[in-house]
Structures are given as C-alpha cells and as structure tokens.
Amino acid sequence: MTTTSDAPTLTTAPRGSGRDHRGSWIPTRSMIGTRIMELRKRRGLMITLMLVTIGIPTVFLVIRLLLHAFAPHSYGPAGGYDIFTGLVAGVLYVFGFIVAATLGATAGSIDLTEGMFRHLVVTGRSRLALYLARIPAGLAIIVPLVGIGFTVVCAVCVFAAPTQLNFQGAKNVPTGLSRAGLESWAAGHADEVICNFNFNFAGNPPASVGPVLQAVPCGNGPNSGPGPGGAVIKGPPGAQAQPQPTQAQISAAARVIAAQDYGDYTRTFLYPSNSLMVKTGLWIELEAVVGFVVGLGLGSLLGQRTVAVILMIVLEIILTPILSRTHIAHLINLQRGVVGLAVAHLEPSGLGFVFGGGGGPDGGRGTSLLVPESTTVAICVIVAWLVVWTALGAWRMMTRDA
C-alpha cells in the first residue's frame, strides 16, 4: 500500500541565491559605525586629539582674556583680526594636519596591532569595504573636532576684538576709510603717521617729503633713529641750518605716506569678516581631510602607526616648508606635486603666510613666496594624493595575508 505525505519538502537553496551583501565593496552603516566605535574606544588618542584641536587654542585665548581683564592697559584685547590669522595659520593649519594624520594612521593599522585582522577576514566581508569604511568613520571624528576648535577661535576673535585699530604702530586709526578719508586723517595726525607708518620711496623721496622726514623728530617707532623719519639731523659745524617745514608741508607729506600704505590699510581689520571665516573654515577642514586620508593609506601600507605618524610630521613640518619656498630649477615639477604646497595655494585671501616669513603682495597671503602653481594644478594635485593613497591603502589591505 502506498501512502502520500502532505508534509512540505525541505530543499536547500543554492549558495549565493540569498541577499548576502558581505561580498559587496560598498561599506554598510553598521561597518562604519563599528569603525567609529573602535576609534572612540581609544581614550588616549581621543583625549590627545581634543587637547590639540580644541584645548590649545582655547587655553591660549582664555589666558589672553584673563590678562586683558586684569591688566587692560598692559595687555591688548584677546581677539581680533591679528589673533585670528595667527592662530589659524600658525596653529590650526599645522596641528590640524598632524592630528588628522595620526588618526588616519591609527585607523589604517588598528586591526593589525590589535590582532583583529584575521577575524575580520573570516567573516567574509569585502576587504575593500573594510578599508573604505574607515574613511567616513575617521572623518566623522576629526572634522567635528577641527570645526569646534575653529569655532572657538572665531567666537573669541569676533566678540573680544579691539574697538580701535592699531595700524603699523599708530594707535586708534579709524577703520573702513576711503583713500581720501585716510589721507585726511593722516593730515590731522601727521607726526604719528610720519613716525610710525611704513614708507618706501625708491631712490630719493619726493622733494616735498624729504625735508619733512628729516625735520620731524620721532622718539620711537619703526622709523626712529638717524635718517628719514628719525631725529633731526644736525649738519657739520658752520653748516647752514635747514629751514623748518611748515605745518602744511608736514600734513602734505603725511598724506603721501598714507596714500602709499592704503593698500595695506584695506587688508587690516578689527576682526575677521564672515566670508573670511567661512572660507578659512573650509580650507582648514580640507587640510584635515587630506591629512587623514594620506595617513590612513600610509598606515595601512606600513601596517603600523608609529612610523607613519613620524613620516607625516616630517612631511608637514620639514619637507613641505622647504620644498614650497625653495625654487629648485630641475625639481620644480616635483615640488608642485607636494600636497602641502597645493593646499597653501588655496589659502583664502587675508590670512597670514602659513609657512612663516610674513605676508606678500598678494593680499597678505604670502603665496607669492611659494613655488608658482596655478589653482587648477593645485586642485589636481590634491585629488591625485587622495586617490593614490586611498588606492595604495586599499590594495595593501586586499593583498595582506590574514
């Protein structure tokens, strides 16, 4: 007798027919979240990042606020345009790159140093996805940290800015004057302008200015001492004394000097403008992104963090300033390929020169002191560094033995 069973028949689905995305090269949200958690659990690293990106500028500004509060006549305001440019070009730009590179090198080598790489591989996840997940995870940490530090600098520099402008040693110079307005103010403060404002007359000064520069006594200032703009020069015994210039001649000379310095005056502000702060913030974040991506690729390529961090510090502190300012005829194209030079060429107008040495004739940035490079070439260099180091880091992770 034959019996028929109504029970369902169990069948095994062929391998690969399910919706298993473990082989996809696109990282999932859970992979990115896991990478963020791995980095955040390293408390020493996180504390160091916060101290450098937020702590250093905050402590500096707090000290300036306290000094100005207790001794306002001895210490100037805590904020202002000069403090902003100094902190951005001298602190955030350099240290932002270094801390981002440190985080990137850590993210690129953390699995190997903790012995977790084999466990990640046996899960069947794509190695490329495992590497790419580190990019948004690291940027989710370093970008806000740099942004917070920059916001602190902007807030103090705007709300604690000086109320009156000190320009080239002259105090209480009005802001926002036109050329005619500055000349008119200079005519009423002729002695202060002649003794403090910078001037550079090629060859001999004009006939209407030369006698005034020798006759107006200056007790201090950049032009004090013998010569033009200094104390009255006495001739040899028996020499006929030079006639003293009239007040009208002194005022006219002050107008000429003020007109010569008007270009620098227009680039001097009490506090940074909104557009400058926005552009500077994006520029600082770009430097941090470049530092993280390059550090990530280098850390993955070497398989360790210490050497990668040292190499990134040498690149930022030593090699980049040298190669960016020294014109080497046979290596000029190689110098243009340095990512630090490319980022420096994108510096917003109005900031101090990031590699020291003061500003230049190009809007105070000093990029005229750099190895010449067009904006298009600079952008291509930055993109090339990001792509190449990402490819190298991913290639090393995909070919490394588990």
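**Helix packing, buried polar residues and charge pairing in a predicted model**

L311 is placed in helix α13. The structure described here is a predicted model, and its residues are considered below in groups, starting with this helix. With a relative accessible area of 43%, L311 is partly exposed. When residues up to four places away in sequence are not counted, L311 touches L298 and L302. The first of these partners, L298, is 13 residues from L311 in sequence, and the C-alpha atoms of the two residues are 9.1 Å apart in space.

Helix α13, which covers residues 306–325, also holds E316. This glutamate is buried yet takes part in no salt bridge. The nearest side chain of opposite charge belongs to R325, at a distance of 14 Å from E316. Since a salt bridge requires a side-chain nitrogen of Lys or Arg within 4 Å of a carboxyl oxygen of Asp or Glu, R325 at 14 Å is not a partner for E316. The surroundings of E316, apart from residues up to four places away in sequence, consist of Y93, V94, F97, I98, E287 and P321, each of which E316 touches.

P321 recurs in a second spatial relation. L370, located in the loop between α15 and α16, is 49 residues from P321 in sequence, while the C-alpha atoms of L370 and P321 are 9.1 Å apart in space. L370 is buried, at 2% relative accessibility.

The loop between α15 (339–345) and α16 (375–399) also contains L346. In this case the relative accessible area is 26%, and L346 is therefore partly exposed. Contacts of L346, not counting residues up to four places away in sequence, are made with W283, L286, T375, A378, I379 and I382. Among these partners, I379 is 33 residues from L346 in sequence, with a C-alpha to C-alpha distance of 8.4 Å.

Helix α12, spanning residues 274–302, includes S300. At 0% relative accessibility, S300 counts as buried. A polar atom of the S300 side chain lies 2.9 Å from the backbone oxygen of G393. G393 is also one of the contacts of S300 found when neighbours within four places in sequence are left aside; the others are G108, Y131, R396, M397 and R400.

Charge pairing was examined across the whole structure, and the search finds one salt bridge. In general, side chains of opposite charge can pair when their charged atoms come close. The pair in question is formed by the side chains of E38 and R35, which meet at 2.7 Å, N to O. Both residues belong to helix α1 (residues 29–40); because E38 and R35 are three residues apart in that helix, about one helical turn separates them. The two partners are assigned to separate accessibility classes: E38 counts as partly exposed, at 24% relative accessibility, whereas R35 is buried, with a relative accessible area of 5%.

A corresponding search for disulfides over the whole structure finds zero. Two cysteines illustrate this result. The cysteine sulfur closest to that of C154 is in C157, at 7.1 Å, which is too far for a bond. Likewise, the cysteine sulfur closest to that of C157 is the one in C154, at 7.1 Å. Because a disulfide needs two cysteine sulfur atoms within 2.5 Å, the 7.1 Å between C154 and C157 does not qualify. Both residues are buried: C154 has a relative accessible area of 10%, and C157 has one of 0%.

These local descriptions belong to a chain whose secondary structure comes to 16 helices and two strands. The chain has 402 residues, of which 43% count as buried. Among contacts in the chain with a separation of 6 or more, 77% are accounted for by residues 24 or more positions apart. The accessible surface of the chain comes to about 21,200 Å², and carbon and sulfur atoms account for 63% of this area.

Notes: Residues are numbered from 1 along each chain as its sequence is written. This is a predicted model: local features need pLDDT of at least 70, side-chain atom pairs count only at pLDDT 80 or more; totals for chains, interfaces and linings use all residues. Side-chain values use heavy atoms; hydrogens and water are left out. Helices (H or I, at least four residues) and strands (E, at least two) are DSSP runs, numbered from the N terminus. Buried means under 20% relative accessible area, exposed over 50%, partly exposed in between (1.4 Å probe, protein chains only). Contact means heavy atoms within 4.5 Å. Accessible areas come from the Shrake-Rupley method with a 1.4 Å probe; for residues, only the protein chains shown count as cover. Lys and Arg count as positive and Asp and Glu as negative; His and the chain ends are not counted. A polar contact is a pair of N or O atoms within 3.5 Å; within protein, one must be able to donate a hydrogen and the other to accept it, and residues adjacent in sequence count only if both atoms are side-chain atoms.
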